[in-house]
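Reader: Please take a close look at one part of this model. I would like to know how a single helix sits among its neighbours.

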Amino acid sequence: MGRPYGLLRAGFPYLKCLSMRRTTNFPVDIAIGKEGRLYILCRSDNTAMIRKYTVEDEDLGTMGRYGQGEGQFTWPVTIIADSEENIYVSDEYLHRIVAFNSEGEHIGTWGEHGTDPGQLNGPAGIAFDPDENLYVVDSLSHRVQKFTKDGEFLLQWGSYGDGEGEFNMPWGVAVDELGDVYVVDWRNDRAQKFNAEGEFLFAFGKSGSGNGEFNRPAGIDVDLHGDMYVADRGNDRIQLFNAEGRYVQKFLGDATLSKVSLAYMMTNASPNRMRDMADLEPQKYLRQPKSVAVSDDGLMFVPDFGSYRVQVYQNMAVPLTEQEFSPPRRSVTLHQE
Amino acid sequence: MSQNDVALMAHLMRRAGFGTTRTELEAYVVKGYENVVDDLVHPERGTPIDEDILERYFGSEGGYVGTWIYRMLNSLCPLQEKMALFWHHVFATGLGKNQHILASTNQIDMFRRVGMGKMRDILLELSKDPAMIFWLDNNENRKGEPNENYGRELLELFSLGVGNYTEDDIKNCALAFTGWTFVQPIPLYPHGYYAPPFLFIEAEHDNSEKTFLGHTGNLNGDDIINIIVEQPACARFISRHLYNFFAADEPQVPSWNVTPPQDPDAIETLADAFMGSDGHISHVLSVLFNADFFKAARFKKVKSPTELVTGILKLVGTFQGPQPGIAQYASATQLMGQKLLDPPTVEGWHTGKEWIDGGLLTARVNFAVREVSDASKPGIQDIIARLKDNGNPLSPEAFVESCLEFAGPLVVGDTTRQYLTEFAEANGEIDFRDDAAAAENQALLISMLQLIVASREYQLG
């Protein structure tokens with residue numbers, strides 16, 4: 001299925017929240033599995049784990065353990081799932097990729113610390129291409145590397161700088177259904193798009209807090225329409241851009257209490273009273289989101305790092321054909337047709 | 001570069017900072033003592049720590065103390081962190097009561113931000129700080145039903161000291177702070193801490209006429225602070241705190257009204273600097289660090305647990321960049337009797353010799369010995385490289401002297417030196433001139449460093 005000719009953006013409402021403190025502590029990323037299963041990567045001091053959840057807010061337990069042993073991770077950054085729902089996690093401290101099956105059994109680890117081609121130096125974002133080769137953002141070496149799923153080196157590009165195709169401690173990466181690659185250039189406050197071989201296509205964003213501007217963006221994803229979602233961490237928001245990099249809208253957060261939160265609060269009279277005394281507006285906002293993930297059915301998942309939850313939105317965009325969407329205009333207009 | 005210059009600079013950086021690596025120490029010496037002091041008291045001139053890196057690698061509130069220790073180790077403006085620790089000592093606010101880590105950490109951030117400014121601004125920020133307001137019950141201080149806890153401690157422990165005010169002054173001080181509270185924050189569960197901003201409730205404020213330290217009028221909290229900072233007693237009280245923290249150990253604060261300072265002239269010098277600068281703390285610090293009494297105060301203080309831990313980490317050269325595990329050092333200071341963010345009482349920690357008893361000494365020594373036991377650490381490797389550069393094989397006496405130099409420089413007594421030398425003599429001449437020789441003697445170096453950091457003298461800063 002190709003991309004639609006255009007989109008009628010009918011809305012992108014908040015849908016629900018998943019989880020709460022004590023379960024998804026400091027969620028840094030989320031992987032979307034099959035049949036509504038979600039894998040939420042949590043990381044804080046001397047602890048890290050994967051919480052397995054469903055879109056219905058059911059807690060399916062934990063996977064993975066903090067540590068430096070086989071099948072463990074110390075500073076995990078990104079979690080992704082392959083077509084068989086195997087789970088891959090990057091570890092920027094141990095400079096390696098760790099893989100599990102969907103039940104949490106360790107099925108592989110690869111990666112060698114270094115700066116030569118094929119070696120890893122602070123791997124951050126990871127993403128599969130349509131052939132399930134793995135792109136790895138090698139953050140401390142300011143480059144992107146491409147591997148087979150098992151860690152065989154294929155190609156690399158990028159170096160330190162702020163020119164086209166250069167990076168300054170890049171973080172997140174995404175690959176669209178055509179194989180193009182999107183990289184969040186963390187310290188340059190921008191995102192860059194490349195083709196599958198690493199040829200620069202375009203960049204968007206600059207430092208700031210206005211629409212389309214970034215403050216140390218961390219994560220990125222792209223949906224089947226080519227829309228791009230950037231976790232603008234320092235501005236506490238997600239920003240949505242169209243396939244050409246034009247700013248569309250932002251998401252500041254609309255959280256409500258999740259199912260598990262509600263159950264918890266029903267047995268806690270004191271915090272209920274305190275909530276009644278407080279200004280509750282801030283609780284809906286995102287706090288330092290480091291990543292964003294969109295599903296093929298239009299759900300956007302935002303691990304809300306500072307609030308220990310995942311906020312979920314539903315994209316209501318309607319694909320348009322050429323008959324339903326007039327040709328591009330060179331100029332803005334006031335004319336009503 | 002004279003040995004005395006190096007020793008004096010090491011003294012300055014132990015007190016005004018948290019120690020140095022040897023390389024940093026030598027760079028400071030080249031810069032010159034007065035220039036270094038001038039830079040230390042003007043942190044705005046320096047490069048601030050990279051907050052983006054802290055956020056990226058340590059960005060979760062649970063690790064605040066670990067991150068603070070990382071700041072102590074890596075800030076290019078270490079006096080700023082030392083002053084945050086100083087005010088945390090003086091304005092001791094316990095996390096154990098408020099259980100709100102964001103309020104407590106915001107207070108430390110506030111100390112870092114204003115801690116070298118004017119005393120008036122510091123006390124005003126303190127009086128509006130939600131962690132302090134809750135700690136001393138000012139959130140329950142209302143017109144018609146005053147709570148005097150904050151007013152009392154503001155005068156007794158935070159600014160003037162016992163004997164410099166009356167009971168009526170306390171009552172009127174408390175009335176002036178009625179209505180100073182904070183906005184109820186959203187509770188921790190289920191979605192985390194939210195910062196509670198300061199709130200002044202006019203309807204709960206007592207607008208009656210008050211008399212405080214001879215001043216009469218409809219005084220509010222700002223007026224009270226303005227009156228306090230103009231008192232010579234305030235200048236002397238804060239000066240004695242600074243002397244105790246930076247120069248030499250004084251008795252515990254509750255006895256200050258009956259026990260005179262060990263160096264009254266030093267306190268007067270600092271108090272004069274305070275009064276002459278409208279209470280500007282960075283000016284007082286500049287006078288302090290350039291004073292002869294400070295330069296002569298080497299090893300006249302027992303290191304606080306935080307100073308011991310950071311000093312050892314500087315010696316072994318770890319955590320010069322982000323890496324996991326920094327939070328364990330928060331636990332280490334706690335084990336030695338200093339749980340940062342959670343002082344035992346409003347008096348803060350008792351300092352000096354009270355840092356050490358049998359159990360705490362064991363914790364201090366075990367920690368230090370463990371940290372220097374790994375020869376792969378950058379600081380140990382640096383010492384090996386310097387011993388290699390020395391050229392000739394070292395006599396036992398020269399080996400001991402070199403190790404004391406690189407571990408401080410540390411001054412030890414005759415008995416300690418004799419023990420160290422006897423230990424070294426068992427190995428004859430000690431050779432680090434090539435890799436094979438260095439590898440052979442690496443274990444000896446580690447043992448020597450372990451003996452040094454376990455010594456009585458190493459407990460002093």
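Author: Two residues are in contact if their C-beta atoms, placed from the backbone, lie within 7 Å. The model is predicted. The part chosen here is helix α18 of chain B, residues 305-316.

Start with α5(B), residues 64-74. On the α5(B) side, the contact with α18(B) uses B:I69, B:M72 and B:L73. On the α18(B) side, B:T310, B:L313 and B:K314 meet them. By class, this contact has four nonpolar residues, one polar and one charged.

Now the geometry. Two packed helices are described by the angle between their axes and the distance between the axes. The axes of α5(B) and α18(B) cross at roughly 55 degrees. They come within 10 Å. Because of that angle, α5(B) is oblique to α18(B). Their crossing is right-handed.

Next comes α19(B), residues 328-335. It packs with α18(B) at an angle of about 135 degrees. Here the axes are 8 Å apart. That angle makes α18(B) oblique to α19(B). This crossing is right-handed.

Which residues make the contact of α18(B) with α19(B)? From α18(B) come B:P305, B:T306, B:V309 and B:L313. From α19(B) come B:Y329, B:A332 and B:T333. The classes are five nonpolar, two polar and no charged.

Put the two contacts side by side. B:L313 is on the list for α19(B), and B:L313 is also on the list for α5(B). B:T310 and B:K314 meet α5(B). B:P305, B:T306 and B:V309 serve the contact with α19(B). A general point helps in reading such lists. An α-helix has 3.6 residues a turn, so residues three or four places apart point the same way.

Elsewhere in chain B, helix α11(B) covers residues 149-156. Six of its eight residues are buried, so α11(B) is largely enclosed by the rest of the structure. The buried residues are B:Y150, B:G151, B:R152, B:L154, B:L155 and B:E156. Among what covers them is α12(B), residues 167-176.

Last, the contact between the chains. Chain A gives 29 residues and chain B gives 19 residues. On the chain A side, α1(A) (259-265) and α2(A) (269-277) each supply at least two residues. The largest share of that side, four residues, comes from α2(A). By class, the chain A side has 14 nonpolar, nine polar and six charged residues.

Technical notes: Residues numbered from 1 in each chain as written. Chains lettered and ligands numbered in written order. Predicted model: local features only at pLDDT ≥ 70, side-chain atom pairs only at ≥ 80, totals over all residues. Nonpolar A, V, L, I, M, F, W, Y, C, P; charged D, E, K, R; others polar. Axes fitted to C-alpha atoms, helices over the stretch in contact; angles between N-to-C directions. Parallel < 35°, antiparallel > 145°, perpendicular 65-115°, else oblique. Left-handed = near helix turned anticlockwise from the far one by under 90°. Buried ≥ 20, exposed ≤ 12 C-beta atoms within 10 Å, placed from the backbone.
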